[in-house]
Structures are given as structure tokens and as C-alpha cells.
Amino acid sequence: IEIGRPPGREWYGWRPDDEAAAPGAPEDGGTSHLCVVDGDGLAVACTETINLHFGSLVSSDRLGFCLNNEMDDFTTRSGEANAFGLKQSDRNRPAPGKRPLSSMSPTIVLDADGDVRAVAGGSGGPRIITATTQGLLNALVRGDDAARAVERGRIHHQWSPNVLEVEPGFAERHQGMGVDIWMRKVHHQVATAKPAETACVQLIVREKDGWHAASDPRKGGRPAGE
């Protein structure tokens, strides 16, 4: 499906008979996050999304981008989970003036003097909240540098389904802390997180020697302008 292709024109130089030679598209979703700090220490944390792949599958011919399907973040079917496995109450039904629930967590942390200490955020549906929180804790509490803070293995729980997701290597990366083992001992359900379903965090931290930035290796990319 060539979404948004202008009538009678090739889409970015691609023709149907070039399909066999075209490189495969990277595995990616509908959300992205960026962090920016300027020379004066002013910061922006920006998360944007069309929600699922290709959003609503409707594009603007004039503007050339896909429209979102954030209606999935409302309760549209009582008692049924949305695309991310979340079951929401009927209080979240769509109505005029209401906004859908969102896991987007663009975050700016200030120090005691009101200056920016860290900027963070991520992509990955409901896993954004836990991933962003753990990245910030790694940097600001554990003392990790920015790269290490986003690289560490993570855990995730979103109440429904009642399963703790643990990334492979989590115990080894957290100094032998066997969270998965202990959770199973107290009869919690534990599952290994699938690489394609993990969140990706972007992070900038101010240290004594200046600003340090990191892009999550789970998704690739690299910081610019350091």
C-alpha cells in the first residue's frame, strides 16, 4: 500500500518493479522521542506519535504524513484490551473535550537551583514509563553515565496482564540482583521481554564536566552536537 503517494508520481523514486532490489525497512513503530539542550542550558523533551504502524492508515495528500489512531487509547470496547494489552475503565470512553490516555513521558529534571539536570523520554507504548524512570534512576541515583544508564537491562510491569517482563541479561547487568528468581518464588508470573517490544530511551545528563547524551542501543542512532 503506497500511503500518501501523490497521484501520477513515483514515491521517493521507488517503482513497483524495484521492490526486489529495495533494502528492507527497519523494524520501527509509530513513536519517537528527542531531547535537546542548548548552550544556555534551556531544554526540550519532545515525544510524538501516530500510535501504531502507519497510524490510522489514512494520510494527508497535501501534507504527506499519516494521521494517528490515538482512539486506541480510549476505551472503545468495554472489558477488552487495546493494542498494548491495557484494559481501561468505561470512564475512559471517548467524549467531547476528553483526551485519550497516554504513556508518553517527556521528562525534564531540575536541580535544587532550578537548573536542568537531565532530559529524558522514550518510545514503546506503556513501556515508556518504566523505561524512562529506570534510565533516570540509573543516571541520577546509581551514578551511571548516560550511555550506561540507557543500556542497562530493564524490567516492566503494567498491571494488566499481571506479568513482570525481564530483559535478557537484567540480573547480570544489575550486579547479580536476581529479581526474576525472587519474583517467581513469591508466585508472580515472569516472562522474558521480547526485543521487538522493549522501549527505547533518549537521555541527556549534566555532569561536572558538561553535558552527556545517549541514544538507546536497542533502536540505534547516536547523539549529535556534543
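Three strands of this predicted model line up as an open sheet in the order β5-β6-β7, with mixed pairing. At its edges lie β5 (155-156) and β7 (189-192), each of which pairs on one side only. The notes below start from that sheet and then walk through the hairpin, a helix, the loops and the chain as a whole.

**The open sheet**
- Strand β6 (residues 163-166) and β7 run parallel, and four bridges join them.
- To find this pairing on screen, start at V163, which stands opposite Q189 in β7.
- Just ahead of β7 comes the loop that starts after α4 (179-185), and H187 is found in this loop.
- H187 has a phi near 70 degrees, a positive value in a residue other than glycine.
- H187 is also exposed, because its relative accessible area of 73% lies over the 50% cut-off.

**The β1-β2 hairpin and a distant neighbour in sequence**
- Strand β1 (residues 30-37) runs antiparallel to β2, and eight bridges hold the pair together in the model.
- One of the partnerships links G30 with N51 in β2.
- Five residues sit between the two strands of this hairpin, and G41 in the turn has a positive phi of about 80 degrees.
- G41 also makes a useful landmark for W211: the two are 170 residues apart in sequence, yet their C-alpha atoms are 9.4 Å apart in space.
- W211 itself belongs to strand β9 (residues 210-215).
- With a relative accessible area of 32%, W211 is partly exposed, since that value falls between the 20% and 50% cut-offs.

**The loop between β2 and β3**
- This loop connects β2 (43-51) with β3 (107-110), and L67 is found in it.
- V58, L63, F65 and L67 form a nonpolar patch on the surface, and their accessible area together is about 350 Å².
- Within that patch, L67 is partly exposed, at a relative accessible area of 37%.
- L57 has its place in the loop between β2 and β3 too.
- The phi of L57 is near 65 degrees, which is positive although the residue is not glycine.
- How accessible is L57? Its relative accessibility is 58%, so L57 counts as exposed.

**Helix α1**
- Helix α1 covers residues 127-140, which makes 14 residues.
- At 1.5 Å a residue the helix should span 20 Å, and its end C-alpha atoms are indeed 20 Å apart, so expectation and model agree.
- Which residues of α1 are buried? They are R127, I128, A131, T132, Q134, G135, L136, N138 and A139.
- When you look at such a list, it helps to recall that an α-helix has 3.6 residues a turn, so residues three or four places apart point the same way.

**The chain as a whole**
- The protein chain contains four helices and nine strands.
- Along the sequence these elements follow the pattern β-β-β-β-α-α-β-β-α-α-β-β-β.
- The chain has 226 residues, of which 34% count as buried.
- Taking contacts between residues at least 6 apart in sequence, 49% join residues at least 24 apart.
- About 14,400 Å² of the protein chain is exposed, and carbon and sulfur atoms supply 55% of that area.

Conventions
Residues numbered from 1 in each chain as written. Predicted model: local features only at pLDDT ≥ 70, side-chain atom pairs only at ≥ 80, totals over all residues. Heavy atoms only, no water. Pairing = 2+ DSSP bridges. Patch = residues over 30% accessible without salt bridge, like charges linked within 9 Å, V, L, I, M, F, W, Y side chains within 5 Å. Areas by Shrake-Rupley, 256 points an atom, 1.4 Å probe, with all protein chains shown as cover. Salt bridge = Lys/Arg side-chain N within 4 Å of Asp/Glu carboxyl O. Buried < 20%, exposed > 50% of the residue type's maximum accessible area, 1.4 Å probe, protein only. Contact = heavy atoms within 4.5 Å. Expected span 1.5 Å × (residues − 1).
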